[in-house]
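Biologist: Let us go through this model together. I will ask, and you reason from the coordinates.

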Amino acid sequence: MSKEMLTVVESLSHEKGVSEEVIFAALESALATATKKRYAEDAEFRVAIDRTSGDYDTFRCWLVIDPERELEEDEFPNPDAELMPDEAKEKDASLEIGDLFEIPVESVEFGRIAAQAARQVLTQKVREAERAQVLEKYLPRVGQLVSGSVKRTTREAVIVDLGNNAEAMLMRTSLIPREIFRVGDRMRALLTEIRPEVRGPQLMLSRTDPEMLIELFKVEVPEIAEHIIEIRAAARNPGSRAKIAVYTNDGRIDPVGACVGMRGSRVQAVCSELDGERVDIVLWDQDPAQLAINAMQPAEVVSIVLDDDSRSMDVAVREDNLAQAIGHKGENVRLAGQLTGWELNIMSDEEAAQRQEDEAQSYIRRFMESLSVDEDVAGVLAEEGFTSVEEVAYVPIEELRAIQGFDEELVDELRTRAKDALFAKEMALGDPEAGEPAEDLLNLDGMDNELAYKLAANAIVTREDLAELATPDLLEIEAEIGEERASALIMTARAPWFEEAESEVEALSPPDGEGS
């Protein structure tokens with residue numbers, strides 16, 4: 001029997017590609033399961049096989065448990081496999097909680113019944129070992145190319161044999177359109193993920209992922225594999241067209257030419273692997289506008305305007321170049337947008353010029369309305385690149401003074417009006433119900449627009465409202481003006497009161513020369 005067992009272990013190890021130790025452990029578990037059928041169902045056994053001779057011994061085991069332990073909801077005491085500490089001490093004084101107490105028992109023969117139980121356990125253990133090997137081998141390869149042969153095809157997927165008991169699944173949605181594989185065909189695909197499933201880890205493949213394009217260029221272009229050239233971005237319309245952006249720090253190397261290869265040999269090899277997919281190779285640039293210009297090739301860009309807030313670009317091309325820039329069903333501009341990470345709006349140069357003119361007019365109208373300036377001044381601001389009142393208010397004042405025809409007085413007045421307009425807007429947004437300050441409050445000696453609007457936001461709209469405040473009340477609204485100015489403002493607002501009182505006193509006084 002011992003020789004037969006060693007032979008079985010050796011043959012299974014070679015057949016399944018599993019280590020002999022795993023098979024020995026499976027046999028020990030199977031023999032322990034067969035032994036349990038002779039005794040109480042809840043008894044526990046351990047089988048130890050000698051790795052050299054093939055002989056084995058069987059032991060019945062009891063675990064020394066803590067009597068104070070809390071049992072789980074479905075857990076019950078098991079006297080057939082557990083001992084209380086006092087019971088354990090009677091058998092062996094050295095036993096402590098958590099130790100195992102074992103006694104040798106008669107081993108079962110490796111006969112028909114034992115062999116059947118062993119086969120079931122062994123099959124399960126070998127499968128678990130094979131799954132663990134697959135996981136260990138392919139987990140580090142996620143995101144890399146793998147090769148295999150088509151094992152079978154279904155309506156939903158193509159099953160690929162990767163060798164060494166490893167299978168992968170390539171869903172139909174991850175196949176390049178119009179691509180057909182038959183049983184036995186060799187193929188390469190990108191390992192995208194490993195899904196844990198009851199039947200074992202499921203290896204998922206893709207031939208449409210942009211990363212596959214990058215991995216293929218790593219195979220065909222040694223400079224990429226050696227990290228001399230980097231592929232910074234890739235975008236694909238699988239089976240039709242793709243774009244990659246390449247970059248190198250080595251000024252002696254042309255990254256685009258290196259990827260194209262002699263007479264296009266390198267890029268052609270990649271295209272052939274991807275069922276004739278056309279690949280455009282462009283130069284990466286840190287500047288998103290320049291990258292967009294490169295990505296739009298072969299279309300030539302006339303002008304480009306960026307909007308950082310919306311991450312969009314208005315790209316202008318010549319009218320006769322518009323169809324090429326957009327591409328078939330918008331393919332060229334869509335891939336260029338994916339490559340840059342920006343939304344690209346394609347238009348003719350005439351449309352771009354008209355849009356710029358419309359924008360300039362909107363800026364002029366905004367400046368005329370917000371700054372109360374004439375069209376000439378507003379037009380100069382727009383021509384100098386100012387697009388908002390905020391820029392007029394807060395750009396370095398030297399930029400305004402550098403504008404031809406703007407003297408220091410005009411610049412100071414524009415800054416003041418811009419800040420007043422922004423403050424008024426802020427007050428309106430901060431409290432939609434706040435009223436506008438009255439003219440008598442705005443024209444009060446010592447008052448400025450900023451303070452007047454802040455008072456109006458706090459329901460102090462007229463000079464009469466201000467006159468009714470005490471100095472601490474005004475400082476609570478605006479502490480920065482200081483006690484002296486607050487008191488002076490209130491006294492100025494109250495001046496009509498004093499004038500009225502003096503008039504009343506004069507009216508009550510007797511005429512000169514009359515007695516009292």
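Biologist: Which strands does helix H12 lie across, and at about what angle does the helix run to S15?

Modeller: The model is predicted. Helix H12 spans residues 349-371. The helix lies across S13, S14 and S15. Its angle to S15 is about 105°.

Biologist: Which strands stand at the edges of that sheet?

Modeller: The sheet is open, with three strands in the order S13-S14-S15 and mixed pairing. An edge strand has a single partner, so one side of it is left without a neighbour in the sheet. From one strand to the next the twist averages 20°. The edge strands are S13 (301-307) and S15 (343-348).

Biologist: How many bridges join S13 to S14?

Modeller: Strands of a sheet pair through backbone hydrogen bonds, either parallel or antiparallel. S13 and S14 (residues 312-317) run antiparallel. Asp307 stands opposite Ser312 in S14. The number of bridges joining S13 to S14 is six.

Biologist: Which helix gives the largest share of the largest nonpolar core?

Modeller: That core has 24 residues. Leu213, Phe217, Ile244, Val279 and Ile281 have the most contacts inside it. At least two residues each come from H5 (210-220), S10 (229-237), S11 (241-248), H7 (255-260), H8 (265-273) and S12 (278-283). The largest share, five residues, comes from H5.

Biologist: Which residues does Phe217 touch, leaving out those up to four places away in sequence?

Modeller: Phe217 is among the residues with the most contacts inside the largest core. Its partners, with that sequence limit, are Ile224, Ile231, Ile244, Cys259, Val267, Val270, Val279 and Ile281.

Biologist: How many residues does the other core have, the one with Tyr363 and Phe367?

Modeller: This core lies apart from the largest one. Val377 and Leu381 are also among its members. Its count is 22 residues.

Biologist: How many residues apart are Arg188 and Glu273?

Modeller: Their side chains meet in a salt bridge, at 3.4 Å from N to O. Arg188 sits in strand S8 (residues 186-195), and Glu273 in helix H8. The pair links distant parts of the chain, with a separation of 85 residues.

Biologist: Is Arg252 buried or exposed?

Modeller: Arg252 forms a salt bridge with Asp250, with the closest N and O atoms 3.0 Å apart. Its relative accessibility is 76%. The cut-off for this class is over 50%, so Arg252 counts as exposed.

Biologist: Which residues do salt bridges with shared partners join into one network?

Modeller: The count of salt bridges comes to 25. One of them pairs Arg318 with Asp320 at 3.3 Å. Shared partners build a network from Glu179, Arg188, Arg207 and Glu273.

Key
Residues numbered from 1 in each chain as written. Predicted model: local features only at pLDDT ≥ 70, side-chain atom pairs only at ≥ 80, totals over all residues. Heavy atoms only, no water. Pairing = 2+ DSSP bridges. Helix = DSSP H or I, 4+ residues; strand = E, 2+ residues; numbered from the N terminus. Axes fitted to C-alpha atoms, helices over the stretch in contact; angles between N-to-C directions. Contact = heavy atoms within 4.5 Å. Core = buried A, V, L, I, M, F, W, Y, C linked by side-chain atoms within 4.5 Å. Buried < 20%, exposed > 50% of the residue type's maximum accessible area, 1.4 Å probe, protein only. Salt bridge = Lys/Arg side-chain N within 4 Å of Asp/Glu carboxyl O.
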